[in-house]
Amino acid sequence: MYPEELKYSKEHEWVRMNGNIAEVGVTVFAQESLGDVVFVDLPEEGSDVEQFAKFGEIESVKAVSDLFSPVGGKIVEVNSAATDAPEVVNEEPYGSGWLIKVELTDTAQLDELMDAATYQATLE
Amino acid sequence: MGIEEKLLSDEAQSTTEQLKKTVLHATHVESNAKLVPFGGWDMPVQYPDGIIAEVKAVRNSAGIFDVSHMGRLIFEGPGAETILSSITSANVPALKSGRGKYNFICNGSGGIIDDAMVYRTDEEKFLLVINAGNTDEDMEWITPHLAARTDFTMSVITDETAMIAIQGPTALEIVDSLTNGEASKIRRFRIGSADVAGIPATLARTGYTGEDGFEIVVPSEQAVKLWKALRDAGAKECGLGARDVLRLEAGLPLHGNDLTSDTNPFEAGFGRFAYYEAPNCIAGFALQQLAEKEPERLLVGFKMIGRGIPRAGLNIHSSGDDSVSESNRIGVVTSGTHSPTVDAGIGMGYVERKYAATGTKLVIDVRGRPVEAEIVDMPFYKRG
């Protein structure tokens with residue numbers, strides 16, 4: 001449910017590091033709480049986002065929720081598969097349902113995030 | 001993410017008061033339903049397969065809904081017809097035995113306190129079904145008007161009975177199989193009695209989804225047995241989330257959203273259900289006056305053209321300007337969702353009359369993002 005290699009925010013987003021590029025998505029808890037995801041609104045590639053700032057919106061049939069970026073930097077890629085077919089966020093939240101890739105300004109930001117066990121403990 | 005604080009609709013309103021539970025509550029928990037407060041009741045909003053799967057089941061086969069939270073009143077006696085004529089907008093004397101009619105309970109200004117179904121189950125006996133969340137307001141409104149008469153009795157049967165709706169293209173076949181074919185003798189908008197899976201039941205051939213089906217009233221203690229019999233016969237368990245999508249796709253209004261005490265039946269486009277000629281109808285004079293003038297605003301259905309989902313409370317603006325502002329605001333969204341059946345954002349809202357024609361382009365202010373929409377004829381979905 002909460003892969004060990006990822007870092008987590010209290011707003012239920014995850015981060016996967018590849019060099020200095022952070023891949024960002026929402027957790028299983030988030031997608032299960034939302035229910036069927038039917039709409040994802042993401043920013044333009046090339047725009048900047050600050051750590052913990054809003055970067056988009058995600059909607060299910062019944063609910064609207066803001067997306068907050070667990071890391072800050074330049075958004076180098078957005079996942080058009082998620083905006084075109086939002087159900088991928090329910091189906092593969094840690095895989096093809098990722099949302100944005102951020103080029104990190106400062107890797108020390110990662111210290112502000114939780115490991116899987118700590119995140120999971122916040123859900124109980 | 002900020003899920004908890006941003007969940008939409010009154011279903012998510014937190015409440016400190018004790019929530020009521022229907023007799024099927026434990027069955028919903030067993031089925032791992034997600035429960036939410038609704039109209040003072042702890043109700044299933046969805047089951048594990050999710051709202052979209054539930055909507056599809058009702059459109060393609062059949063779904064069951066626990067609607068036991070809805071208020072159920074029996075009016076009986078020689079004066080029952082007269083009293084119902086005075087408190088509802090139905091032409092009750094013209095309602096034949098075994099038939100039902102959609103109607104409004106309106107205040108003295110013609111504002112809609114509630115929408116309801118009235119059924120004549122026998123010559124001098126009626127069933128009135130009202131919304132769960134409005135039961136207290138309805139009773140407060142109705143009760144003083146009852147005191148003047150003694151030739152009828154009113155009994156609230158909400159607790160002693162349960163109500164289960166089965167809806168969808170295979171609903172009739174399922175209920176027929178459990179009633180030895182008795183169900184299909186009850187035609188659309190009619191009501192009758194039969195044993196369903198051996199349980200004595202009242203069956204109304206009505207619903208709130210745009211599909212064929214029944215709303216079945218049984219004694220409380222038999223409700224779990226009926227629920228399981230319908231489920232075993234192939235109907236999928238569905239929650240309030242799916243019910244809200246289905247009714248919106250079918251162009252059916254929801255009281256509290258599309259209808260309120262500040263709106264009247266004519267601006268909502270349901271003047272045909274506002275009969276005001278009964279001599280003793282309390283709202284009769286107000287309704288007649290409203291019927292004789294053009295409403296300033298009208299309830300319309302619209303479909304999103306741009307990317308976005310309409311939600312209740314969002315502002316509607318006229319199209320053609322560069323930006324949305326107070327000066328081009330023409331109305332407000334009262335219901336909205338993503339429709340899995342139409343595969344688009346759909347909604348209802350009130351707009352100024354001159355903007356209410358089919359085909360008119362609108363702009364919905366989706367939390368700061370202007371998104372184009374177009375007025376379309378309702379229903380959004382019609383069964384084939």
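This section describes the interface between chains A and B of a predicted model, followed by selected sites within each chain.

In the predicted model, 27 residues of chain B are in contact with 28 residues of chain A, and the two chains bury about 2200 Å² between them, with 51% of that area on carbon and sulfur atoms. The polar side of this interface comprises 12 residue pairs in polar contact, both residues of each pair being at pLDDT 80 or more. On chain B, the side that touches chain A receives at least two residues from each of helix H1 (3-6), strand E2 (41-46), helix H3 (51-60), helix H8 (240-249) and strand E16 (329-339). Between chain B and chain A the count of salt bridges is 6, and one of these pairs is formed by Arg311(B) and Glu59(A), whose closest N and O atoms are 2.9 Å apart. Arg311(B) and Glu59(A) also belong to a network of salt bridges that links them with Lys54(A), Glu57(A), Asp66(A) and Arg367(B).

Helix H8 of chain B, one of the elements that contribute to the side touching chain A, is largely enclosed by the rest of the structure, because 10 of its 10 residues are buried. These buried residues include the charged residues Arg243(B), Asp244(B), Arg247(B) and Glu249(B), together with Leu240(B), Gly241(B), Ala242(B), Val245(B), Leu246(B) and Leu248(B). The helix is followed by Gly251(B), for which phi is positive, near 75°.

Over all chains, the structure holds 27 salt bridges, and several pairs within chain B illustrate the settings in which they occur. Glu30(B) and Lys228(B) form a salt bridge in which the closest N and O atoms are 3.9 Å apart; the pair links distant parts of the chain, with Glu30(B) in helix H2 (residues 25-30) and Lys228(B) in helix H7 (residues 223-232), 198 residues apart. Of these two partners, Glu30(B) is exposed, with a relative accessible area of 56%, whereas Lys228(B) is partly exposed, with a relative accessible area of 28%. A salt bridge is likewise found between Glu294(B) and Arg353(B), with the closest N and O atoms 3.3 Å apart. Glu294(B) lies in the loop between helix H9 (284-292) and strand E14 (297-304), and Arg353(B) in the loop between strand E17 (344-352) and strand E18 (361-366), so the pair ties together parts of chain B that are 59 residues apart in sequence. Here Glu294(B) is exposed, at a relative accessible area of 56%, and Arg353(B) counts as partly exposed, at 37% relative accessibility. By contrast, the salt bridge between Arg205(B) and Asp212(B), with the closest N and O atoms 2.8 Å apart, joins two residues that are both buried.

Two annotations on chain B come from an unreviewed UniProt entry. The record places a "binding site" feature at Glu215(B), a residue found in strand E12 (residues 213-219). Glu215(B) counts as buried because its relative accessibility is 10%, under the 20% cut-off. Apart from neighbours within four places in sequence, the residues in contact with Glu215(B) are Tyr119(B), Met163(B), Ile164(B), Ala165(B), Thr202(B), Leu203(B), Ala204(B), Thr206(B) and Gly207(B); with Thr206(B), a polar contact of 2.5 Å joins the two side chains. The record also assigns the feature "domain: Aminomethyltransferase C-terminal" to residues 297-382 of chain B. In the model this span is 0% helix and 53% strand, and its end C-alpha atoms lie 25 Å apart.

In chain A, two glutamates provide further examples of local environment. Glu13(A), which lies in strand E2 (residues 13-18), is buried yet has no salt bridge, the nearest side chain of opposite charge being that of Lys10(A), 8.9 Å away. A polar atom of the Glu13(A) side chain does, however, lie 3.3 Å from the backbone nitrogen of Phe68(A). Glu44(A), in turn, is found in the loop between strand E4 (37-41) and strand E5 (48-49) and is exposed, with a relative accessible area of 64%. Glu44(A) and Thr83(A), although 39 residues apart in sequence, are 12 Å apart in space, C-alpha to C-alpha.

Note on methods: Residues are numbered from 1 along each chain as its sequence is written. Chains are lettered from A and ligands numbered from 1 in the order in which they are written. This is a predicted model: local features need pLDDT of at least 70, side-chain atom pairs count only at pLDDT 80 or more; totals for chains, interfaces and linings use all residues. Side-chain values use heavy atoms; hydrogens and water are left out. Helices (H or I, at least four residues) and strands (E, at least two) are DSSP runs, numbered from the N terminus. Buried means under 20% relative accessible area, exposed over 50%, partly exposed in between (1.4 Å probe, protein chains only). A salt bridge is a side-chain nitrogen of Lys or Arg within 4 Å of a carboxyl oxygen of Asp or Glu. A polar contact is a pair of N or O atoms within 3.5 Å; within protein, one must be able to donate a hydrogen and the other to accept it, and residues adjacent in sequence count only if both atoms are side-chain atoms. UniProt positions are given in the numbering used here, feature names are shortened, and annotations may be inferred rather than shown by experiment. Contact means heavy atoms within 4.5 Å. Buried area is the accessible area (1.4 Å probe) that two parts lose on being put together, summed over both.
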